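The following exercises ask you to read helix packing, burial and backbone geometry from a model. Work through each task with the structure open before turning to its solution.

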Amino acid sequence: GESLSVDRLERKNHLAAQMKDGTLESICRVVRDLVLHKRMNKPNENDGAILARARSFLLDEWSVVLSVPIYQAERELGRLLGEEEVYEKKS
């Protein structure tokens, strides 16, 4: 992932622009970069809201395009992002 600005307003504007772009590639970048940012810094409320919205959009697309249930797409995304232990505990 690419590191995000430590300035919350600059980060918010950058992420908002990527979300507004709306391409699947941009949404994937938002998820990737925010997950990395969350690992290295304490996320704020806005970061969490943007990440949740981006993940939801990505998982919906994944589920429809690949004809898989959301929970399966969520597990695979978690595995790809190195979060599989979180989903194993939830199951």
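**Exercise 1. Two residues of helix 3**

Task: Decide whether Asp60 counts as buried, partly exposed or exposed, and do likewise for Arg53.

Solution: The model is a predicted one, and the values below are computed from it. Asp60 has a relative accessibility of 40% and therefore counts as partly exposed, since that class lies between the cut-offs of 20% and 50%. The residue sits in helix 3, and its C-alpha is 17 Å from that of Arg79, a residue 19 places away in sequence. Arg53 is likewise placed in helix 3, and with a relative accessible area of 48% it is partly exposed. From Arg53 to Ile27 the C-alpha separation is 9.4 Å, while the separation in sequence is 26 residues.

**Exercise 2. Helix 1 against helix 2**

Task: Determine how helix 1 is oriented relative to helix 2, and say which residues form their contact.

Solution: Begin with the axes, which come within 8 Å of each other and cross at roughly 150°. That angle makes helix 1 roughly antiparallel to helix 2, because angles over 145 degrees are placed in this class. Next, list the residues that meet: helix 1 contributes Arg11, Leu15, Gln18, Met19 and Asp21, and helix 2 contributes Ser26, Ile27, Arg29, Val30, Leu34 and His37. Sorted by class, the residues of this contact are five nonpolar, three polar and three charged.

**Exercise 3. Helix 3 and its two partners**

Task: Classify the orientation of helix 3 relative to helix 1 and relative to helix 2, and describe the make-up of each contact by class.

Solution: For helix 1 and helix 3, the packing angle is about 15° and the axes lie 11 Å apart. The two helices are therefore roughly parallel, and helix 1 passes helix 3 in a left-handed crossing. On the side of helix 1 the contact involves Arg11, Lys12, Leu15 and Met19, and on the side of helix 3 it involves Asn46, Asp47, Ile50, Arg53 and Ala54. By class, these residues are four nonpolar, one polar and four charged.

For helix 2 and helix 3, the latter spanning residues 45-66, the angle is about 135° with the axes 9 Å apart. This pair is therefore oblique, and here too the crossing is left-handed. The residues in contact include Leu24, Ile27, Cys28 and Val30 from helix 2, and Ile50, Leu51, Ala54 and Phe57 from helix 3. The contact as a whole has twelve nonpolar, one polar and four charged residues.

**Exercise 4. The largest nonpolar core**

Task: Which residues touch the most other members of the largest nonpolar core, and which helix gives the most to it?

Solution: The core has 18 residues, among which Val30, Val31 and Leu34 touch the most other members. Turning to the elements, helix 1 (8-21), helix 2, helix 3 and helix 4 (70-80) each supply at least two residues of this core. Helix 3 gives the most, with six residues. To look at one of the core members in detail, take Leu34: leaving aside residues up to four places away in sequence, it touches Leu4, Leu15, Asp47, Ile50 and Leu51.

**Exercise 5. Ser26 and Asp33 in helix 2**

Task: Establish whether Ser26 is buried or exposed, and whether Asp33 is buried or exposed, then name the residues that each touches.

Solution: Ser26 belongs to helix 2, which covers residues 24-40. Its relative accessibility is 6%, so Ser26 counts as buried. Apart from residues up to four places away in sequence, Ser26 touches Gln18 and Asp21. Asp33 is also found in helix 2, and at 2% relative accessibility Asp33 counts as buried. With the same exclusion of residues up to four places away in sequence, Asp33 touches Gly1, Glu2 and Leu4.

**Exercise 6. The backbone at Ser67**

Task: Where is Ser67 found, and what is its phi?

Solution: Ser67 lies in the loop between helix 3 and helix 4. At 65% relative accessibility, Ser67 counts as exposed. Its phi is positive, at about 55°, although Ser67 is not a glycine. As background for judging that value, most residues other than glycine have a negative phi.

Definitions and conventions:
Residues numbered from 1 in each chain as written. Predicted model: local features only at pLDDT ≥ 70, side-chain atom pairs only at ≥ 80, totals over all residues. Heavy atoms only, no water. Helix = DSSP H or I, 4+ residues; strand = E, 2+ residues; numbered from the N terminus. Buried < 20%, exposed > 50% of the residue type's maximum accessible area, 1.4 Å probe, protein only. Contact = heavy atoms within 4.5 Å. Axes fitted to C-alpha atoms, helices over the stretch in contact; angles between N-to-C directions. Parallel < 35°, antiparallel > 145°, perpendicular 65-115°, else oblique. Left-handed = near helix turned anticlockwise from the far one by under 90°. Nonpolar A, V, L, I, M, F, W, Y, C, P; charged D, E, K, R; others polar. Core = buried A, V, L, I, M, F, W, Y, C linked by side-chain atoms within 4.5 Å.
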